[in-house]
Amino acid sequence: MKLAMIGFGQAGGKIVDRFLDYDDRTNSGIVRAAIAVNSAKADLMGLERIPQDNRVLIGQARVKGHGVGADNELGAEIAEEDIDEVQNAIDAIPTHEVDAFLVVAGMGGGTGSGGAPVLAKHLQRIYTIPVYGLGVLPGTDEGGIYTLNAARSFQTFVREVDNLLVFDNDSWRQTGESVEGGYEQINEEIVRRFGLLFGAGEVSGDQEVAESVVDSSEIINTLSGGGVSTVGFASEEVDLNTGGGLLSRFTGDGSGEDDLDAANTTNRITSLVRKAALGRLTLPCEIEGTERALLVLGGPSEYLNRKGIERGRKWLEEETGSMEVRGGDYPREKPEVAAAILLSGVTNVPRIKRLQQVAIEAQDNIDDIQAESEENLEELVEDDEDELEPLF
Ligand code: GDP
């Protein structure tokens with residue numbers, strides 16, 4: 001499906017930048033337009049792919065291009081004040097060719113954390129196409145204020161979008177890596193997963209017609225109904241030239257080999273589906289109780305078959321208890337068979353409950369510290385016996 005992507009804040013901008021790169025590399029055609037919005041000039045300048053004209057600096061009157069720190073209330077205020085500047089950039093893109101908006105932001109910081117929900121609300125008011133969010137949760141080691149920001153942004157963002165796709169930095173962090181190097185890998189992981197998913201609805205004319213191709217309306221239907229989504233992914237390398245048809249041609253009489261190949265293909269698909277659903281999700285959660293799901297199988301068409309996808313779909317129905325599990329394939333000439341599973345409307349998410357708990361503790365701490373420092377200051381400034389009078 002074709003998306004208008006808007007990256008809000010530093011993480012948002014960098015991830016949209018990576019999506020453009022992914023689009024170029026894989027020819028998947030999912031990014032119809034890309035915009036970055038930030039209150040920090042330096043962050044906008046650091047982007048590589050997003051066209052200069054599509055980089056919008058907001059809040060200049062307030063923060064003079066220096067960003068909002070981690071103040072997400074200020075981030076939200078600035079976004080509201082300068083929404084017209086963002087709208088001007090959106091006016092320049094052909095929104096009639098776009099299936100949905102995707103607003104991307106790190107929820108732990110300031111600009112994106114506060115601004116992304118404001119933008120989503122604005123877009124919902126103006127456009128009829130769906131507005132999705134891609135929200136990134138901070139690592140638990142980033143500190144209380146980031147957790148508090150993320151918890152508050154999460155509540156607001158979910159309410160303002162048609163669906164919030166969540167990626168949790170914490171479960172993807174690798175020890176011993178520099179933060180920057182770590183983010184590069186994490187961002188690659190993000191675009192691979194969401195790229196396969198959204199790319200499925202965008203099979204162009206010159207690609208082989210899939211047996212049961214995923215249509216963008218199926219992605220939209222899976223995401224409709226709102227709530228929170230997570231994505232599972234698993235892949236396996238395959239040899240591009242030894243797929244079903246060819247192999248059986250080389251090995252004699254054919255028919256028996258074809259059966260064997262079909263069984264292998266089916267088994268490979270079903271085990272990839274299980275790995276994707278039971279492995280690391282973008283947001284870790286219990287998959288039982290998921291409201292809707294979509295299974296996308298990408299790979300060379302000789303490695304895809306309807307039976308495998310059907311079995312994978314049935315298995316997902318059993319595991320999630322959902323009556324609404326869609327599935328289909330996405331043929332692409334890459335030496336890899338990959339399964340992406342979109343679990344939409346997940347509700348059993350201990351990670352979010354923990355995040356909220358830590359956020360409440362951080363909020364209480366911050367209130368205590370503030371009260372204490374006000375007291376301390378008063379103690380310092382006032383004389384003990386109250387004998388002095390201030391001037392006015
Ligand atoms: P903002 O510019 O004020 O919106 O804040 P940032 O986007 O710099 O940071 C917000 C949060 O996003 C941080 O707390 C990190 O958890 C996360 N973050 C920052 N940069 C990246 C990135 O490149 N990739 C990912 N996945 N997360 C990031």
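Student: Which residues does Asn187 touch, not counting residues up to four places away in sequence?

Tutor: In this predicted model, Asn187 touches Lys14, Ile15 and Arg18. Asn187 itself sits in helix H9, residues 179–199.

Student: Why is Asn187 called buried?

Tutor: Buried means under 20% relative accessible area. Asn187 comes in at 8%, so it counts as buried.

Student: And what makes Glu142 partly exposed?

Tutor: The partly exposed class runs between the 20% and 50% cut-offs. Glu142 has a relative accessible area of 29%, so partly exposed is the right label. You'll find Glu142 in the loop between strand S5 (131–137) and helix H7 (144–160).

Student: Which residues is Glu142 in contact with, leaving aside its neighbours within four places in sequence?

Tutor: Asn169 and Tyr183. There's also a polar pairing with Gly139: its backbone nitrogen lies 2.8 Å from a polar atom of the Glu142 side chain.

Student: How do you know that Ala11 makes a polar contact with the ligand?

Tutor: The cut-off is a pair of N or O atoms within 3.5 Å. A polar backbone atom of Ala11 is 2.7 Å from an oxygen atom of the ligand, therefore the pair qualifies. Gly112 has a polar backbone atom 2.7 Å from a ligand oxygen, and for Gly110 the distance is 2.9 Å.

Student: How much of the ligand's accessible area does the protein cover?

Tutor: The protein covers 93% of the 580 Å² that the ligand has on its own.

Student: What does UniProt list as "binding site" here?

Tutor: An unreviewed UniProt entry lists residues including Ala11, Gly110, Gly112, Glu142 and Asn187. Of the listed residues, the lining of the largest pocket includes Glu142 and Asn187, among others.

Technical notes:
Residues numbered from 1 in each chain as written. Predicted model: local features only at pLDDT ≥ 70, side-chain atom pairs only at ≥ 80, totals over all residues. Heavy atoms only, no water. UniProt positions renumbered as here; feature names shortened; annotations may be inferred. 1 Å grid on protein atoms, 1.4 Å probe; cavity = no way out; pocket = protein on both sides within 12 Å on 5 of 7 lines; lining within 4 Å. Helix = DSSP H or I, 4+ residues; strand = E, 2+ residues; numbered from the N terminus. Buried < 20%, exposed > 50% of the residue type's maximum accessible area, 1.4 Å probe, protein only. Contact = heavy atoms within 4.5 Å. Polar contact = N/O pair within 3.5 Å; in protein donor to acceptor, adjacent residues only side chain to side chain. Areas by Shrake-Rupley, 256 points an atom, 1.4 Å probe, with all protein chains shown as cover.
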